[in-house]
Amino acid sequence: MNGAPYTVLRTRGLAKQYPVAGGRRLVAVDGVDLALDAGRTLALVGESGSGKSTIARCVVRLVEPSAGEVWINGRAVHAMGRGSLPELYREAQMVFQDPNGSLNPRMTVRQVLHEPLRLHLKLDRERREARARQLVEQVGLTPAHLDRYPHELSGGQRQRIGIARALAVEPDLLILDEPTSSLDVSVRGDILALLLRLQREMRLAYLFITHDLQVVRHVADDVAVMYLGGIVESGPVAEVFARPAHPYTRALLSAAPVPEWGVTRTRLRLAGEIPSPIDPPPGCRLVGRCPLAQPGCSAARPPLVEVSPGHLSACPVTLTAGDRP
Amino acid sequence: MTVPLLRVDGLGGAFRRRDGGLTPVLHDVSFALQPGCITAVVGETGSGKSLTALTILGLQPSAFVRRSGRILFAGQDLLALPPSAMRAVRGRRISMVFQDARAALNPVFSVGAQLADVHRLQHGGSARAAWDAAVEALRRVRIPEAERRARQYPHEFSGGMAQRAMIAMAALVCTPALLILDEPTTGLDVTIQSDIMELIVELCRDRGLTACLITHDLGVVAESCEEVVVMNAGRVVETGTTEAIFTRPQQPYTRRLLAASRLDAAAA
Ligand SMILES: Nc1ncnc2c1ncn2[C@@H]1O[C@H](COP(=O)(O)OP(=O)(O)OP(=O)(O)O)[C@@H](O)[C@H]1O
Ligand SMILES: Nc1ncnc2c1ncn2[C@@H]1O[C@H](COP(=O)(O)OP(=O)(O)OP(=O)(O)O)[C@@H](O)[C@H]1O
Ligand SMILES: [Mg+2]
Ligand SMILES: [Mg+2]
């Protein structure tokens, strides 16, 4: 593979709705377009419950999208038959948000790591074992951990087994859903360094879901900010973090605590209740909570508009006011 | 210095391996929780933070063999209590938000029903009042449309919502003297995380709650905690006020941890 840009993942109009009581619909994901090139990292951040994990699950068809397209390595994932999904898992792997629920409690770590090597890479026993040993060491554990069951590991150890399992088949696309949330800061640093090294060596593409904005700044090239099922702002990380254009992004950035003594920060607060994704009203998703809301904001959903090269925001108010920090 | 609400004193123990041998995990773990304060427990993954917390509640895994130590809670050694007395302490006097919140919820009952059940168990009253209290608790942890959400099942909640439901259960439906939170905010975006921490701070101030916060987020520690316990490899390496730990760390491990918390600086 050469160094030319090559799109590993693309979604168009991706949507997921869940039926809820009373014949209503919960809009978990509402028309999301993403593009991710080989060797790059796209961070997905945003409100809890805004649909990040749902996007991740739709991309690898663990959840069936209600509408929209998903393309991985030029293959129409949305149109694939269930029977051919195993081929997809050779190319795209996922690290789950909840490492407990995603590891079979009756399998040892060795069995967990051998399985994808046998199914997808068809390695013989000896080569599987060598690779499994290499993987546990890469994530900072030891071969002694291979004999453990998930309940015999700490939270952070389990999380690293989830990462090792996903790396096992050397996928082109790795979807990481909160992969470092249970790790102490020094192991977090080591795991991020490992991911960055593998990315350089193998041009891996990462879709990186996290609430840790420091991690975003450190590993991601681009960031997409989600609120209530939709992307409200996206662009290169340095640009979006330095000049956030959307009021939600500004509130988010101002709420991040700083790991230092005596730092006081001014938190930009959003007023009111977090709105419900059930039958959301038309217009801007933030309207009831936004300090800058105008009468026009509740009329129609504002589209993403380019505010500077590659930097998109869905807030017409900050755009016209020229109100840039 | 006031009398601590809880003192872990010389706690030590090992895991029994399947081959019958013992692997030591906790070595002389000692620290104290001052009443009305939030104490952070930080440190290496796998260093024994969750295990120590579970032992306080008498919920340690069966393979864990305790070899030494006392846990004094309001003057009583919890480790010497018979199981029935320990059950009375758990939930009522000490409650915990577990590291894996979703697994702690029962998948076959609605979230509201589980909270209401615990409410009736602890406070009695009518089913209606218990349900209202459950909904109110969900509202206070910023779950939107709490009334409707209460009727949903755990798998219909996002990761962060399940976490908030467990916080509602342990901190609001239960009204404990001591609340232990094991990584309670990892799945939450920073705006909701800040709201939750403000809620905990408020409960400490208004209700005299004592909290023990196990976390990897040193930003939350610097902002909301009064005291810090640093653990590494099954030992307490350092304890002190948050200011002392951040500005005058004594141990090399603490210094390394603080340096690693600033990713950009650590990489440079
Ligand atoms: N199986 C389901 N049935 C009904 N609703 C669901 C289901 N799965 C998810 N949802 C809803 O879809 C929305 C998006 O959930 P999702 O898990 O994608 O959020 P998230 O952005 O990953 O949040 P978090 O940061 O808290 O993990 C939420 O409102 C959630 O309650
Ligand atoms: N049932 C078990 N059998 C053997 N070892 C175990 C068992 N449960 C936990 N351990 C080990 O005990 C040590 C302490 O685990 P504990 O869960 O307390 O760590 P922790 O400090 O909470 O870590 P984390 O930050 O990753 O959650 C870990 O090294 C873990 O591997
Ligand atoms: Mg999620
Ligand atoms: Mg733990």
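Contact, in what follows, means heavy atoms within 4.5 Å. Hi everyone, and thanks for coming. What I'm showing you today is a predicted model, so please read all the values as computed ones.

Let's begin with two helices of chain A. Using that contact cut-off, A:Val109, A:Arg110, A:Leu113, A:His114, A:Leu117 and A:Arg118 of α4(A) touch a set of residues on α5(A), namely A:Arg125, A:Arg128, A:Glu129, A:Arg131, A:Ala132 and A:Val136. How do the axes run? Helix α4, residues 109–119, and helix α5, residues 125–138, approach within 9 Å along their axes and cross at roughly 120°. That angle makes α4(A) oblique to α5(A), because only values of 65 to 115 degrees count as roughly perpendicular and values over 145 as roughly antiparallel. The crossing itself is right-handed.

Both of those helices belong to chain A, and for that chain there is a database record to mention. An unreviewed UniProt entry lists residues 9–253 of chain A as "domain: ABC transporter". In the model, 39% of that span is helix and 27% is strand, and the C-alpha atoms at its two ends are 27 Å apart.

Now for a helix pair that joins the two chains. Helix α10 of chain A, residues 247–255, packs against helix α8 of chain B, residues 190–207, at an angle of about 50°, and the axes are 8 Å apart. So α10(A) is oblique to α8(B) as well, and here the crossing is left-handed. Which residues do the touching? From α10(A) we have A:Tyr248, A:Ala251, A:Leu252 and A:Ala255, and they meet B:Val190, B:Thr191 and B:Ser194 of α8(B).

On to the metals, my favourite part. Take the magnesium ion that is ligand 3: its protein donors are OG of A:Ser53 and OE1 of A:Gln97, at 2.0 to 2.2 Å. These two donors bring together distant parts of the chain, with their positions 44 residues apart: A:Ser53 sits in helix α1 (residues 52–59), and A:Gln97 in the loop between β6 (92–95) and α3 (99–102). Are these donors buried or exposed? A:Ser53 is buried, at 14% relative accessible area, while A:Gln97 comes out as partly exposed at 21%. The cut-off for buried is under 20%, so A:Gln97 at 21% does not qualify.

For the magnesium ion that is ligand 4, look over at chain B. Its protein donors are B:Ser50 through OG and B:Gln99 through OE1, at distances of 2.0 to 2.3 Å. Again the pair links distant parts of the chain, 49 residues apart, with B:Ser50 in helix α1 (residues 49–56) and B:Gln99 in the loop between β6 (94–97) and α3 (101–104). B:Ser50 is partly exposed, with 22% relative accessibility, and B:Gln99 is also partly exposed at 22%.

Last stop: a couple of backbone angles in chain B. B:Glu183 has a phi near 55°, which is positive although the residue is not glycine. You'll find B:Glu183 in the loop between β7 (178–182) and α8, and it is buried, with a relative accessible area of 3%. B:Ala233 also has a positive phi, near 50°, and is likewise a residue other than glycine. B:Ala233 lies in the loop between β9 (227–232) and β10 (235–241), where it is partly exposed at 46%.

That's my tour, so thank you all for listening!

Technical notes: Residues are numbered from 1 along each chain as its sequence is written. Chains are lettered from A and ligands numbered from 1 in the order in which they are written. This is a predicted model: local features need pLDDT of at least 70, side-chain atom pairs count only at pLDDT 80 or more; totals for chains, interfaces and linings use all residues. Side-chain values use heavy atoms; hydrogens and water are left out. UniProt positions are given in the numbering used here, feature names are shortened, and annotations may be inferred rather than shown by experiment. Helices (H or I, at least four residues) and strands (E, at least two) are DSSP runs, numbered from the N terminus. Donors are N, O and S atoms within 2.8 Å of the metal (3.2 Å for Na, K and Ca); water is not among the atoms, so sites may look incomplete. Buried means under 20% relative accessible area, exposed over 50%, partly exposed in between (1.4 Å probe, protein chains only). Axes are lines fitted to C-alpha atoms, for helices over the stretch in contact, and angles run from 0 to 180 degrees between N-to-C directions. Angles under 35 degrees count as roughly parallel, over 145 as roughly antiparallel, 65 to 115 as roughly perpendicular and the rest as oblique. A crossing is left-handed if the near helix is turned anticlockwise from the far one by less than a right angle, and right-handed if clockwise.
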